[in-house]
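Student: I have a model open and would like to understand the words people use for it. Could we go through them together?

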Amino acid sequence: MSLRSHGGRIGALTVIGTAIVLPLVIFVLGPNMPPGDWTNAGKSQVFDNTVLLAVMTPFTVFILVYIGYAVTMFRAKPDEELRDGPPIRGHFVSQVVWLVTTTAAVLFLAIFGSAELFASNGSGGGSGPNPIATPGGNVLPVQVIGQQWEFTYRYPTYGGVETAELMLPVNTEIEFHVTSLDAIHSFWAYQLGVKADANPGVDNIAFVKPTKVGAFQVRCAELCGIWHGYMFDTGHVVQSSQFASWIKQQRQAFSAVQRYLPKYATTYSPDPVARAG
Amino acid sequence: MKLVAVAGGVLVVAALIAAYVTFLTGGPTPYRVPQARAAGARSANLTLQTVAAVGSKLSPNKNWVSYLVREQGVWHRSTVWTLPANAVVHVTIFNYDGQSGLRNPFLAQPRGLLDGDTFAVDGKPMKVLDPDTASHTFAIPALGVIVPVLGIADDAKNQCEYAPCEESMAHETVTFSFRTGKPGHYRWQCFVPCAAGFIYGFGGPMQTIGYMDGFVNVV
């Protein structure tokens with residue numbers, strides 16, 4: 001059988017396989033991709049992951065078809081002499097097809113990814129102290145402070161009260177200001193679709209708008225010392241009225257320590273312990 | 001013969017893996033804190049000592065800061081403790097270390113305690129500690145428990161150089177109570193980067209079980 005025939009078969013199988021798998025990827029697997037649809041950022045990430053999978057699908061199908069075809073068709077028969085296959089040089093069509101498809105895929109992903117970062121205000125990732133894309137309208141700033149080994153949270157619009165628990169009002173644009181007091185941590189609120197590095201001396205801003213009420217997991221996603229694996233807690237998205245009563249209660253509960261807190265700032269630089277090296 | 005050699009080799013490798021896993025998953029023998037029962041309620045008394053330098057009698061790292069636990073009247077460098085579930089634990093900490101301050105002043109207000117989050121320093125009830133005067137914290141984050149520990153003044157007389165320290169030496173006494181709740185395996189830690197001689201105080205005893213970190217087995 002000629003090379004042309006083999007190529008035609010592989011091409012045809014790839015097209016057929018893609019036609020079968022692609023709808024499954026888009027309509028079955030895609031909607032179930034992480035992190036879910038709790039927030040605008042989460043929905044955006046699910047969409048992005050679906051698009052990435054869809055773009056990958058023809059290439060993956062091609063590779064799998066090629067492997068399966070080669071294993072089936074090019075298998076040596078028993079007692080057949082072991083020999084190398086015919087060399088392929090300068091196959092113009094193959095080269096053009098491969099270069100065009102891969103270049104188109106990479107360029108598409110670059111443009112699509114950049115557009116998505118703008119369209120969804122960073123898509124839940126930390127954008128540094130000066131985000132290029134910001135949401136319009138009112139936002140609720142919430143500071144996330146990483147320290148070995150716990151996250152604490154400050155609410156600058158409520159007197160800078162600091163809490164050990166993360167509570168967010170639903171349907172409100174949240175502006176996370178993520179920083180650290182010591183080592184490098186990473187604030188990962190999985191269900192919210194937020195993952196932003198917490199670096200000492202850096203104000204890392206991430207936007208998100210929760211649209212569902214419930215509990216979500218917060219984890220540190222950067223190896224930060226002996227208790228890194230224990231650095232997690234549970235946050236809550238609640239109705240606005242619940243949030244209002246909760247923040248009022250927190251201000252009362254932590255009123256004793258309020259006078260000792262530093263004035264709210266985007267970063268903090270506590271002095272090293274005097275006796276530490 | 002070849003089969004026997006292969007089988008022997010497999011057995012040796014399996015034994016080495018088992019020993020390695022046992023070494024990694026094993027740990028120090030926990031100190032089972034004696035519990036009391038009165039009117040159906042369980043309680044336990046946990047007595048600790050915090051020292052600036054653990055001394056060569058208790059550790060090869062004699063200059064490391066450490067917690068010690070009192071077990072039958074003797075101070076041990078053990079930071080894995082077993083506590084009864086759904087019990088009230090009364091904690092007494094004798095702190096012989098100096099004031100180094102809290103990196104996050106928020107931790108100066110205790111949480112997760114009985115008596116309305118009140119703790120006592122030298123018998124005096126307090127709601128918050130001046131964060132600059134803190135020496136350490138005692139915290140079991142998963143139980144919501146955190147307590148700042150007052151340090152001794154720089155000019156205090158008769159300071160303890162190496163542990164175990166005696167009660168006649170300069171110290172502050174911090175007492176508080178908390179409820180353990182359901183059974184579980186929880187980590188406890190000090191939140192003050194107090195490891196003298198390490199960068200920003202974060203290394204050595206802050207990153208090693210048996211000094212400023214440990215586990216609480218609630219059973």
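**Strands, domains and contacts**

Tutor: Gladly! This is a predicted model, and a good place to begin is a single pair of residues: Arg154(A) faces Glu162(A), which belongs to strand 3 of chain A.

Student: How do you know that strand 2 and strand 3 of chain A pair?

Tutor: Pairing requires at least two bridges between two strands. Strand 2 of chain A, residues 150–155, has 3 bridges with strand 3 of chain A, so the two count as paired, here in the antiparallel sense.

Student: What makes strand 3 and strand 8 of chain A edge strands?

Tutor: In chain A, the open sheet of 5 strands runs in the order 3-2-1-5-8, with mixed pairing. Strand 3 (161–163) and strand 8 (204–208) of chain A each pair on one side only. On average, neighbouring strands in this sheet are turned by 25 degrees against each other, direction ignored.

Student: Which domains does chain A have?

Tutor: Chain A is split into domain 1 (3–74 + 97–119) and domain 2 (140–258). Their C-alpha centres are 36 Å apart.

Student: How do you know that these domains of chain A are in contact, and which residue classes does domain 1 bring?

Tutor: Contact means C-beta atoms within 7 Å, and 8 residues from domain 1 and 11 residues from domain 2 of chain A take part, so the two domains do touch. The domain 1 side has 3 nonpolar, 5 polar and no charged residues.

Student: How many residues form the contact between chain A and chain B?

Tutor: Chain B gives 27 residues and chain A gives 28 residues. By class, the chain B side has 14 nonpolar, 8 polar and 5 charged residues.

Notes. Residues are numbered from 1 along each chain as its sequence is written. Chains are lettered from A and ligands numbered from 1 in the order in which they are written. This is a predicted model: local features need pLDDT of at least 70, side-chain atom pairs count only at pLDDT 80 or more; totals for chains, interfaces and linings use all residues. Helices (H or I, at least four residues) and strands (E, at least two) are DSSP runs, numbered from the N terminus. Axes are lines fitted to C-alpha atoms, for helices over the stretch in contact, and angles run from 0 to 180 degrees between N-to-C directions. Domain bounds come from an automatic or database domain assignment. Ala, Val, Leu, Ile, Met, Phe, Trp, Tyr, Cys and Pro count as nonpolar, Asp, Glu, Lys and Arg as charged, and the others, Gly among them, as polar.
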